[in-house]
Amino acid sequence: MPASRPGARDGLIDALNRSAPTRAANNALPIAAYYRGCDLLISQAKVYRASGNEEQLYVMLMRFASLVIETIPRHAQYSPEAPQYRAFKQ
């Protein structure tokens, strides 16, 4: 397989990053819903990893990271000491 051009790879990464935008926290939803979302994203990432789908794996992991680092800390019920949050952050 020929090596991809650096510019083409950068374009792909930009497109994949646009597939994982930052979401605002909705305080009407319990924070447990966001934790369930984290679990689902990790489960889906494992499926993509097993199937060798690196692009979708990247998107799932970016969505997970955004949820844990950007969205959940902005939720009204957020506690950095919550066991679920600490587990995801690790």
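## Close-up views of a four-helix protein

**Figure 1. The protein as a whole.** The protein has four helices and zero strands. Please keep in mind as you look around that this is a predicted model. Followed along the sequence, the pattern reads α-α-α-α. The protein has 90 residues, and 24% of them count as buried. About 6300 Å² is exposed, with carbon and sulfur atoms supplying 55% of that area. Among contacts with a separation of 6 or more, 67% join residues 24 or more positions apart.

**Figure 2. The largest nonpolar core.** Let us start inside, with a core of 18 residues. Which members touch the most other members of this core? They are Tyr35, Cys38 and Ile72. Helix H2 (31-51), helix H3 (54-71) and helix H4 (83-89) are the elements that each give two or more residues to the core. H2 provides the largest share, with seven residues.

**Figure 3. A closer look at Cys38.** Cys38 sits in helix H2. Is Cys38 buried or exposed? Its relative accessibility is 0%, so Cys38 counts as buried. Leaving aside residues up to four places away in sequence, Cys38 touches Phe64, Leu67, Val68, Ile72 and Phe88. One of these partners, Leu67, is 29 residues from Cys38 in sequence, while the two C-alpha atoms are 7.2 Å apart in space.

**Figure 4. Helix H3 from end to end.** This view follows one helix along its length. H3 has 18 residues, and at 1.5 Å a residue they should span 26 Å. The C-alpha atoms at the ends of H3 are 24 Å apart, which agrees with that expectation. Several residues of H3 are buried, including Leu57, Val59, Met60 and Phe64. Ser66, Leu67, Val68 and Thr71 are also among the buried residues of H3.

**Figure 5. Thr71 and its neighbours.** Thr71 belongs to helix H3. Thr71 has a relative accessibility of 1%, and therefore counts as buried. What does Thr71 touch, not counting residues up to four places away in sequence? The partners are Arg23, Ala24, Ala25, Tyr34 and Ser66.

**Figure 6. Ala25 in the loop between H1 and H2.** One partner of Thr71 deserves a view of its own: Ala25. Ala25 lies in the loop that runs between helix H1 (6-18) and H2. With a relative accessible area of 23%, Ala25 is partly exposed. Apart from residues up to four places away in sequence, Ala25 touches Tyr34, Thr71, Arg74 and His75. Tyr34 and Ala25 both appear among the residues that Thr71 touches. The chain also brings Ala25 and Pro73 into this view: they are 48 residues apart along the chain, with their C-alpha atoms separated by 8.4 Å.

**Figure 7. Aromatic rings.** A pair of aromatic rings is described by the distance of the centres and the angle of the planes. How many aromatic pairs does the structure hold? There are three. In one of them, the rings of Tyr78 and Tyr85 have centres 5.1 Å apart and planes at 85°, so this pair is edge-to-face; the cut-off for that description is an angle over 60 degrees. The two residues can also be compared by their exposure. Tyr78 is partly exposed, at a relative accessible area of 25%, whereas Tyr85 is buried, at 4%. Elsewhere, Tyr35, Phe64 and Phe88 form one aromatic cluster. Cys38 touches two residues of that cluster, Phe64 and Phe88.

**Figure 8. The salt bridge.** Side chains of opposite charge can pair when their charged atoms come close. The structure holds one salt bridge. The side chains of Arg86 and Glu81 meet there, with a distance of 3.4 Å from N to O. Are the two residues buried or exposed? Arg86 is partly exposed, its relative accessible area being 45%. Glu81 is exposed, with a value of 55%.

**Figure 9. Ser79 in the loop between H3 and H4.** The last view turns to another loop. Ser79 has its place between H3 and H4. With a relative accessible area of 28%, Ser79 is partly exposed. How far apart are the C-alpha atoms of Ser79 and Ile31? They are separated by 9.8 Å, although the two residues are 48 residues apart along the chain.

Definitions and conventions
Residues numbered from 1 in each chain as written. Predicted model: local features only at pLDDT ≥ 70, side-chain atom pairs only at ≥ 80, totals over all residues. Heavy atoms only, no water. Phe/Tyr/Trp six-rings, centres within 6.5 Å; stacked < 30°, edge-to-face > 60°. Buried < 20%, exposed > 50% of the residue type's maximum accessible area, 1.4 Å probe, protein only. Core = buried A, V, L, I, M, F, W, Y, C linked by side-chain atoms within 4.5 Å. Contact = heavy atoms within 4.5 Å. Expected span 1.5 Å × (residues − 1). Areas by Shrake-Rupley, 256 points an atom, 1.4 Å probe, with all protein chains shown as cover. Salt bridge = Lys/Arg side-chain N within 4 Å of Asp/Glu carboxyl O.
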